[in-house]
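Please find below a short note for a colleague who is meeting this structure for the first time. The points go from charged pairs to the overall layout and then to the interior.

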Amino acid sequence: MVIIEVSLLSGFIVTSRSRMLLENRTIVKKIEVKANVVYIYLEKLNDESQTFILQLEQVIQVKNLKPASIKIYDYYQPGGLQISYCLGVGS
């Protein structure tokens with residue numbers, strides 16, 4: 001199983017429509033939202049390219065936003081191969 005861990009920008013939440021669209025994808029096994037982190041659980045990955053879109057809604061105005069991060073890793077080997085990416089507003 002593969003986990004995509006998305007750290008949200010401060011003051012933002014995932015829209016319910018975005019969550020529903022992700023949950024309806026066959027590759028997505030489960031989605032959890034905890035505090036400012038979204039966990040997307042995938043049954044497996046293959047050589048086929050995948051695109052995941054999270055629509056966010058700003059609920060609180062925050063100055064000097066810090067970059068958010070996205071991590072992708074194997075559920076059974078979290079200390080193994082991990083892909084990380086940082087993004088800011090407008091990325």
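1. A salt bridge is taken here as a side-chain nitrogen of Lys or Arg within 4 Å of a carboxyl oxygen of Asp or Glu. By that criterion the side chains of Lys30 and Glu32 form a salt bridge, at 3.3 Å from N to O, in what is a predicted model.

2. Glu32 also meets the side chain of Lys34 in a salt bridge, at 3.6 Å from N to O, and Lys30, Glu32 and Lys34 are thus linked in a network. Lys30 is partly exposed, with a relative accessible area of 39%, and Lys34 is likewise counted as partly exposed, at 48%.

3. Arg19 and Glu23 form a salt bridge as well, at 3.2 Å from N to O; because they stand four residues apart in helix α1 (residues 16-23), about one helical turn separates them. Over the whole structure, the search finds four salt bridges.

4. The chain holds one helix and seven strands, which follow the order β-β-α-β-β-β-β-β from the N terminus. Of its 91 residues, 27% count as buried.

5. In soluble globular proteins, nonpolar side chains tend to be buried together. Here the largest nonpolar core has 12 residues, including Val2, Ile4, Leu22, Ile27 and Leu42, and β1 (2-7), β3 (28-34) and β4 (37-42) each supply at least two residues of this core. Apart from it lies another core, of five residues, among them Ile3, Val37, Tyr41 and Tyr73.

6. Leaving aside residues up to four places away in sequence, Ile27 touches Tyr41, Leu42, Glu43, Lys44, Leu45, Gln50 and Phe52.

Technical notes. Residues numbered from 1 in each chain as written. Predicted model: local features only at pLDDT ≥ 70, side-chain atom pairs only at ≥ 80, totals over all residues. Heavy atoms only, no water. Core = buried A, V, L, I, M, F, W, Y, C linked by side-chain atoms within 4.5 Å. Buried < 20%, exposed > 50% of the residue type's maximum accessible area, 1.4 Å probe, protein only. Contact = heavy atoms within 4.5 Å.
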